[in-house]
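Reader: I would like to learn how to read a fold feature by feature. Where do we start?

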Amino acid sequence: MAEGPMADMFTVQQTAGRVLCCMCGISMPPNAANMCVNCIRTQVDITEGLQKHVTILHCPECNSYLQPPKTWIKAQLESKELLTFCIKRLKNLNKVRLVHAEFIWTEPHSKRIKVKLRIQKEVLNGAILEQAYVVEFVQQDHMCEHCTRVQSNPDQFVAVVQVRQHVSHRRTFFYLEQLILKHGAAAQAVNVKQVHEGVDFFFANRSHAVRFVSFLGNVVPILNRNDKQLVSQDSKSNTYNYKYTFSVQICPICKEDLICLPPKVAASLGNLGPLVLCTKVSTNIMLLDPFTSRHAFMDANQYWRVPFKPLLSNRQLAEYIVLDIEVEMGLTTVGGIKYSLAEAQVARVSDFGKNDTIFTVKTHLGHLLSPGDYALGFDLYGANTNDMDLDKYKGLDLPDVVLVKKSYEEKRQKKRGKPRAWKLKTLPMEVEPSSRGRVEDAKEGEDYEKFLDELEEDQEMRSKIALYRNENYQRADTASMTDGEDVPSVPLDELLGDLTLEDDEHEDEEMEG
């Protein structure tokens, strides 16, 4: 066989054959139907029998859609979840092959959702035809069972969690509120009501209440019990409706409380105390002997086995001025908190100009206090204590003063009444009228201010909650440099931006512009 240039002369070039359409006569590549695409579409409609208009039920309250028979699915407009929901609502779609699906933009208030589908199907003599069509979904407002129950009677509930703490302040509930907001623990609550010495959480489902009680047990030491009450029954179908009540009691021991341990408890903790300070409350209670820096931890089971109450609480703190201090022991870290034993001479601020009484005490705040500083402590010298556990220790020599923490009250007075650079969110809470009055409102405001001051002083407590930037805060240019000297404050890098829907809309407008 000849090779080289002569071989190319005998090579036959292959070309794709073309035929005429049997309907319109146009030249086209051959296919099984011998018809062009336009003529096939005039003869065959592969969308025949498929739904073009569908009505879907939409709950305007919770923005969910009904998946028959009883399932409600939450989905945002033009989301993957909504597109999947719309495709599943179409009948006879299994007879064709779905190639592509996408939304066609419509006005959000038009109650219309348009989806463009591209499908394929085998038609005449095995030819495969691809065609696109639009399905219009009409939203019909219909509230789901949960929203209907809430709208008809907001107080209607299946389970209630009654949280109580028998103390004279609400600082624990302020802290608990922030933990609930950060973790979304009460997102399923139908209603939240503030009552005397506690808060009630109402749920439409028992499982939500059980989950909420479990959350409380993971953040504070609690004792809980539950009960149920029969509401109605159907003997024919053997169905019963109950209302469930969960009673949750929070340990009355709070941070900065002075405690006289019962003899059995003190012996079980290695003869600690008996006078101890509570320095931290989480799932465990941290107890510190301020005179020896010895410490111990108690969990909820240990406490509720032999419960006890504080000897003196935070409300009974008195202010002292440090006249002299001598450190006896270097820094020691207990539970992530630093302490240093020292001997200090202090005098009550209220005694200035009245007497010259000076107290010499041991304290665990040697690393914080200096002569001239102010400190808060319990005045056992003038206190009238009536505690059965204290009477059991015969011959116990009580100290005159137990210092608890350094005081910044004098320096805070310059900034009192001015807005902070940060803020906290609050739960939408209904207040029981019988539990409020002028005196109660004043006490609650004072407790909330102390809670905010405690957040500024305790970094570990701040790390567990969410603090947001206060957009209305403006630092005064004329403020003195000494106005906030040595006063604890929240660093700006710990604050979160308070995002709202309006902020998102402004950002979208800027991007479109």
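Author: Start with burial. Buried means under 20% relative accessible area, exposed means over 50%, and partly exposed lies in between (1.4 Å probe, protein chains only). Strands are DSSP runs of E with at least two residues, helices are runs of H or I with at least four, and both are numbered from the N terminus. Now the case: strand β23 (residues 374-379) is mostly covered, with five of its six residues buried.

Reader: What kind of model is this, and how are residues numbered?

Author: This is a predicted model, in which local features need pLDDT of at least 70, side-chain atom pairs count only at pLDDT 80 or more, and totals for chains, interfaces and linings use all residues. Residues are numbered from 1 along each chain as its sequence is written, and side-chain values use heavy atoms, with hydrogens and water left out.

Reader: Which strands pair with β23, and in what sense?

Author: Two strands pair if DSSP finds at least two bridges between them. Strand β18 (residues 317-327) pairs with β23 in the antiparallel sense, over five bridges. There, I321 stands opposite Y374. β24 also runs antiparallel to β23, joined by six bridges. In that pairing G377 faces L403 of β24.

Reader: How do I read a whole sheet, such as the one with β12?

Author: Read the strand order. Six strands form an open sheet, β12-β13-β9-β11-β10-β26, with mixed pairing. β12 (222-234) and β26 (430-431) are at the edges with a single partner strand each, so one side of each has no neighbour in the sheet. β12 pairs with β13 (residues 239-250) in the antiparallel sense over twelve bridges. D227 stands opposite T245 of β13.

Reader: Next, helices. On which side of α5 are its buried residues?

Author: An α-helix has 3.6 residues a turn, so residues three or four places apart point the same way. In α5, the buried residues are A209, F212, V213, F215 and L216. They cover an arc of only 155 degrees around the axis (taken from the directions from the helix axis to the C-beta atoms), which puts them on the same side of α5.

Reader: What span should α5 have?

Author: The expected span is 1.5 Å times one less than the number of residues. For the twelve residues of α5 (residues 206-217) that gives 16 Å; the end C-alpha atoms are 17 Å apart, which agrees.

Reader: Now backbone outliers. Where do they sit?

Author: Most residues other than glycine have a negative phi, and most peptide bonds are trans. Here a cis peptide bond joins P68 and P69, with omega about 10 degrees. P69 lies in the loop between β4 (64-67) and β5 (71-74). E78 has a positive phi, near 60 degrees. E78 is in the loop between β5 and α2 (80-88), and is partly exposed at 47% relative accessible area. K111 also has phi near 60 degrees. Its loop runs between β6 (97-104) and β7 (112-122). K111 is partly exposed, at 30%.

Reader: How exposed is F297, and how far is F297 from K280?

Author: F297 is in strand β17 (residues 295-299). F297 is partly exposed, with 41% relative accessibility. F297 and K280 are 17 residues apart in sequence and 9.5 Å apart in space, C-alpha to C-alpha.
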